[in-house]
Amino acid sequence: MLIGLIGKANVGKSTFFSASTDNIVNIANYPFTTVKPNLGICHVRINCVCTEFGVKDNPVHSICIDGIRFIPVQIIDVAGLVPGAHEGKGLGNKFLDDARQADALVHVVDVSGSTDSEGRPLTPGSGDPIGDLRFVEEEFDLWLVSIIRRDMDNKDRESSGQNVVQVLKKRLSGLGVTEAALDKVVNKLNLQNKKFKSWTEQEILALCQNIRQDVKPVVIAANKADVSTSQFNLAKLTEKYTNVVPCASELEMLLRKAVKSGFIHYLPGDSSFEIKENAQLSDKQKQALEIVSNFIKQHGSTGVQQIINLACFSLLEKIVVYPVEDDSKLSDKKGNVLPEAYLLNKESTAKDLAHAVHDELGKGFLFAIDVRTKRRLGAEHILKNNDVIKIVSATSRK
Ligand SMILES: Nc1nc2c(ncn2[C@@H]2O[C@H](COP(=O)(O)OP(=O)(O)OP(=O)(O)O)[C@@H](O)[C@H]2O)c(=O)[nH]1
Ligand SMILES: [Mg+2]
């Protein structure tokens, strides 16, 4: 699973990236700090089944702390957009190619209104977050248009005899656009029988807008919500858009630094933190933590973890499944208890899980066992969230 961070220049995309990955990248209060994409690993947070089973787990790829499991997910931070990016303004929009594989997007907005449309610093409150959001959506659509238009003249003549969906599928490969999704959009716009060559600009744009909405689900990270000018814009944003989460990436980054320095007890996504008794804090550090504490009290969290979880579980509707090899010890062959937690698509089957673990395991799939009920499950059995599953296969993992 890949999350793509997009947005206007200088809104806090790289701060969100750093806060969610512990991977500190260039951050500065001017546009185009990020030129090359940053790819990293963030985590979704869930309640682990180790608590229910009363076992001490030792995960191999995820992390479990006191019954809270963090499952890795990829995240990519790209350069910021400005109006006219499709005409080459700012850094253009070609860099969105780096985020084309994203399953879900986090659209970062400066909800405090402290930047103009090109990302230059402004007096807080004077910017226009809704206007920013709209132009970024438009630039994203125009980037999709450019993909469709790429080599249209030469390639389309050859392919003009083909079904429209086939032509588009080829063009949009690598964007995660399925044939079914394309079919739906083309039919909705009533374009299924129209020769692709004769589509108008308006029709191509409408197609791209619909593809964006259907194929690239979005969470809006209303960032810099710690700035006092945010309240008004936040209310306007939530009125007009769904999936808006107030967020203060900078504060999350500060908390993670405080954890690393051994000053506080805090897990990403917690609704509070505790200063350790022996922490030697300067007045400045105490003040900074006080600001974070007030923000968390008001909003329930810094918003960063909530956004990642929302992308994974609400937008992409993933479920978590724990495969084990030994159903009495809940372990793998090496004795690691609840070693893996897989994020699978809703409606995934027992055989899909086997393939996700290892292709060989999937090929030789015989049956699976639901560890809770001891029931035998067939290949097509649909898994549910939090299932713990043993797979029995003719071909085991080497
Ligand atoms: N108050 C406040 N400032 C923030 C927050 N997040 C980021 N900033 C500030 O916003 C400015 C821009 O942050 P970046 O993370 O570099 O923004 P970006 O969107 O990656 O910028 P480009 O790469 O230039 O497009 C920096 O001065 C950050 O310190 C936040 O949650 N609150
Ligand atoms: Mg950046």
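A disulfide is counted here as a pair of cysteine sulfur atoms within 2.5 Å. By that rule, this predicted model has zero disulfides.

**Cysteines**

The sulfur of Cys 42 has its closest cysteine sulfur in Cys 312, at 9.2 Å, which is too far for a bond. Cys 247 is in no disulfide either, as the nearest cysteine sulfur, that of Cys 42, is 13 Å away. Cys 42 is buried, at 0% relative accessibility. Cys 247 is also buried, with a relative accessible area of 0%.

**Magnesium site**

Which residues coordinate the magnesium ion (ligand 2)? The ion is held by the OG atom of Ser 14 and the OG1 atom of Thr 34, at 1.9 to 2.1 Å. Ser 14 belongs to helix α1 (residues 13-21), whereas Thr 34 sits in the loop between α1 and β2 (38-47), so the pair ties together parts that are 20 residues apart in sequence. Water is not among the atoms, so the site may look incomplete. Ser 14 is buried, with a relative accessible area of 7%. Thr 34 counts as buried as well, at 10% relative accessibility; both values fall under the 20% limit for that class.

**Ligand 1**

There are 23 residues around ligand 1, and those that come nearest are Asn 10, Lys 13, Thr 15, Phe 32 and Glu 250. Three side chains with a polar atom close to an oxygen atom of the ligand are listed below.

| Side chain | Partner | Distance |
|---|---|---|
| Lys 13, N or O atom | oxygen atom of ligand 1 | 2.7 Å |
| Thr 15, N or O atom | oxygen atom of ligand 1 | 2.5 Å |
| Thr 34, polar atom | oxygen atom of ligand 1 | 2.9 Å |

On its own, ligand 1 has 660 Å² of accessible area, and the protein covers 92% of this. Thr 34 thus appears at both ligands: its OG1 atom is a donor to the magnesium ion, and a polar atom of its side chain lies 2.9 Å from an oxygen atom of ligand 1.

Which helix gives the most to the shell around ligand 1? That helix is α1, with three residues. Both α1 and α9 (249-260) supply at least two residues of the shell. Helix α1 also carries Ser 14, one of the residues that coordinate the magnesium ion.

By class, the shell around ligand 1 consists of nine nonpolar, 10 polar and four charged residues. Among the nearest residues named above are Lys 13 and Glu 250, whose residue types count as charged. Phe 32, also one of the nearest, is of a type that counts as nonpolar.

Note on methods
Residues numbered from 1 in each chain as written. Chains lettered and ligands numbered in written order. Predicted model: local features only at pLDDT ≥ 70, side-chain atom pairs only at ≥ 80, totals over all residues. Heavy atoms only, no water. Buried < 20%, exposed > 50% of the residue type's maximum accessible area, 1.4 Å probe, protein only. Donors = N, O, S within 2.8 Å, 3.2 Å for Na, K, Ca; no water. Helix = DSSP H or I, 4+ residues; strand = E, 2+ residues; numbered from the N terminus. Near = heavy atom within 4 Å. Polar contact = N/O pair within 3.5 Å; in protein donor to acceptor, adjacent residues only side chain to side chain. Areas by Shrake-Rupley, 256 points an atom, 1.4 Å probe, with all protein chains shown as cover.
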